[in-house]
Amino acid sequence: MIKLINISFQYDNASTETLKNINLELETGEVLAVVGPSGGGKSTLLRVIAGLEKPKVGEIFLGEKCLCKKGTFVNPEKRGIGMLFQDYALFPHMTVAKNIEYGLIGMNTTERKKRVKEVLGLVNLVEYEKRYPHELSGGQQQRIALARAIAATPKILLLDEPFSNLDTHLLQSVREELFGIIREIGITTIMVTHNPEDATTQADRVIEIVEGIASEKNWTKNNKGFI
Ligand SMILES: Nc1ncnc2c1ncn2[C@@H]1O[C@H](COP(=O)(O)OP(=O)(O)OP(=O)(O)O)[C@@H](O)[C@H]1O
Ligand SMILES: [Mg+2]
């Protein structure tokens with residue numbers, strides 16, 4: 001489904017590479033957790049996959065489609081990738097429905113309304129479409145952010161510490177709900193997390209990134225090997 005070949009990346013103002021020769025392959029529907037110390041390069045890896053940063057070396061394929069290699073670079077909005085980042089807040093001045101519709105470019109109004117209803121159904125918040133974000137609990141906001149991330153039917157979902165803004169009492173139920181939805185729709189997912197419990201209970205596979213170098217951890221029941 002997604003394949004990274006020899007990906008190396010260096011920020012313009014950095015003296016060393018932030019990602020060093022990353023090779024990774026995920027099958028359709030697999031959930032990968034990315035762990036490792038702060039500053040190791042986890043968020044950078046997601047940014048490179050999303051097309052927000054351009055690697056200096058390496059190739060990325062999504063299915064048969066080449067997203068990036070020497071001379072080829074597909075822009076983020078054309079990649080078919082859904083993102084749910086920690087600071088990727090809902091627009092406060094837009095209703096739930098408008099927040100979700102925002103990413104549905106290329107659909108007419110009827111199609112957009114239908115899709116909003118569908119994804120709200122997936123996250124069990126159909127009756128909330130007219131509410132504003134401040135009228136929702138933290139967990140409900142998180143579910144709406146997930147609904148927005150999956151609305152355009154992305155092929156892969158990238159999550160960067162999606163639970164770090166949640167209170168402890170909400171954490172477990174929201175985590176279980178979000179992963180229930182991810183498993184239900186069977187979307188291939190890469191999730192950065194500081195929480196070893198997310199990695200071991202929710203992921204099929206776990207990689208650790210330390211100083212830009214990735215290695216697979218044998219933490220889960222279903223380890224399929226890191227190439
Ligand atoms: N825009 C940038 N320009 C230059 N250096 C950056 C930039 N963004 C991140 N870095 C550096 O790249 C390294 C990797 O950062 P990254 O955000 O990928 O780490 P991380 O593993 O996600 O850390 P954390 O767990 O703290 O979120 C760090 O040393 C960071 O300072
Ligand atoms: Mg990070």
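Student: Is Asn124 buried or exposed, and what is its relative accessibility?

Tutor: Keep in mind that this is a predicted model. Exposed means over 50% relative accessible area. Asn124 has 59% relative accessibility, so it counts as exposed.

Student: Where does Asn124 lie?

Tutor: Asn124 belongs to the loop between H3 and H4.

Student: How do I read a phi angle?

Tutor: Start with the sign. Most residues other than glycine have a negative phi. Asn124 is not a glycine, yet its phi is positive, about 60 degrees.

Student: Which loop holds Glu211, and what is its phi?

Tutor: Glu211 sits in the loop between strand E10 (205-210) and strand E11 (213-217). Glu211 is not a glycine either, and its phi is positive, about 45 degrees. At 62% relative accessibility, Glu211 counts as exposed.

Student: What phi does Gly51 take?

Tutor: Gly51 comes just after H1 and has a positive phi of about 90 degrees.

Student: How many residues of helix H1 are buried?

Tutor: Apply the cut-off again. Buried means under 20% relative accessible area. Helix H1 covers residues 42-50, and 7 of its 9 residues are buried, so the helix is largely enclosed by the rest of the structure.

Student: Which residues of H1 are buried?

Tutor: They are Lys42, Thr44, Leu45, Leu46, Val48, Ile49 and Ala50.

Student: Which residues are closest to ligand 1?

Tutor: Ser38, Gly39, Lys42, Ser43 and Thr44 are the closest, and 13 residues surround the ligand. By class, that shell has 9 polar, 2 charged and 2 nonpolar residues.

Student: Which atoms of Thr44, Gly41 and Gly40 lie by an oxygen atom of ligand 1?

Tutor: Ask whether each atom is in the side chain or the backbone. For Thr44, a polar side-chain atom lies 2.5 Å from an oxygen atom of ligand 1. For Gly41, a backbone N or O atom lies 3.0 Å from an oxygen atom of the ligand. For Gly40, a backbone N or O atom lies 3.2 Å from an oxygen atom of ligand 1. On its own, ligand 1 has 640 Å² of accessible area, and the protein covers 59% of that.

Student: How do I read a pair of aromatic rings?

Tutor: Use two values. A pair of aromatic rings is described by the distance of the centres and the angle of the planes. A search of the whole structure finds 2 aromatic pairs. In one of them, Phe9 and Tyr11 have ring centres 4.8 Å apart and planes at 85 degrees, so the pair is edge-to-face.

Student: Are Phe9 and Tyr11 buried or exposed?

Tutor: Take them one by one. Phe9 has 3% relative accessibility, so it counts as buried. Tyr11 has 27%, so it counts as partly exposed.

Student: Which charged residues lie over the ring of Phe73?

Tutor: Arg79 lies over the face of Phe73, 4.8 Å from the ring centre. Lys54 has its charged end over the ring of Phe73, at 5.0 Å from the centre.

Student: Where is Arg143, and is it buried or exposed?

Tutor: Arg143 is part of helix H4 (residues 138-150). Its relative accessible area is 13%, so Arg143 is buried.

Student: What does the side chain of Arg143 contact?

Tutor: The Arg143 side chain makes a polar contact of 3.2 Å with the side chain of Glu177. A polar atom of the Arg143 side chain also lies 3.5 Å from the backbone oxygen of Asn124. That is the exposed loop residue we began with.

Student: Which side chain does Arg115 contact?

Tutor: Arg115 and Glu118 are joined by a side-chain polar contact of 2.9 Å. Arg115 is in helix H3. With 15% relative accessibility, Arg115 counts as buried. Helix H3 (residues 109-122) also holds Leu120. Leu120 has 0% relative accessibility and counts as buried.

Student: How do I compare distance in sequence with distance in space?

Tutor: Read both values for a pair. Val210 and Lys20 are 190 residues apart in sequence, and their C-alpha atoms are 9.9 Å apart. Leu120 and Tyr132 are 12 residues apart along the chain, with C-alpha atoms separated by 14 Å.

Student: Where is Val210, and how exposed is it?

Tutor: Val210 is in strand E10. Its relative accessible area is 34%, so Val210 is partly exposed.

Terms used. Residues numbered from 1 in each chain as written. Chains lettered and ligands numbered in written order. Predicted model: local features only at pLDDT ≥ 70, side-chain atom pairs only at ≥ 80, totals over all residues. Heavy atoms only, no water. Near = heavy atom within 4 Å. Polar contact = N/O pair within 3.5 Å; in protein donor to acceptor, adjacent residues only side chain to side chain. Areas by Shrake-Rupley, 256 points an atom, 1.4 Å probe, with all protein chains shown as cover. Nonpolar A, V, L, I, M, F, W, Y, C, P; charged D, E, K, R; others polar. Phe/Tyr/Trp six-rings, centres within 6.5 Å; stacked < 30°, edge-to-face > 60°. Buried < 20%, exposed > 50% of the residue type's maximum accessible area, 1.4 Å probe, protein only. Lys NZ or Arg CZ within 6 Å of the ring centre and 35° of its normal. Helix = DSSP H or I, 4+ residues; strand = E, 2+ residues; numbered from the N terminus.
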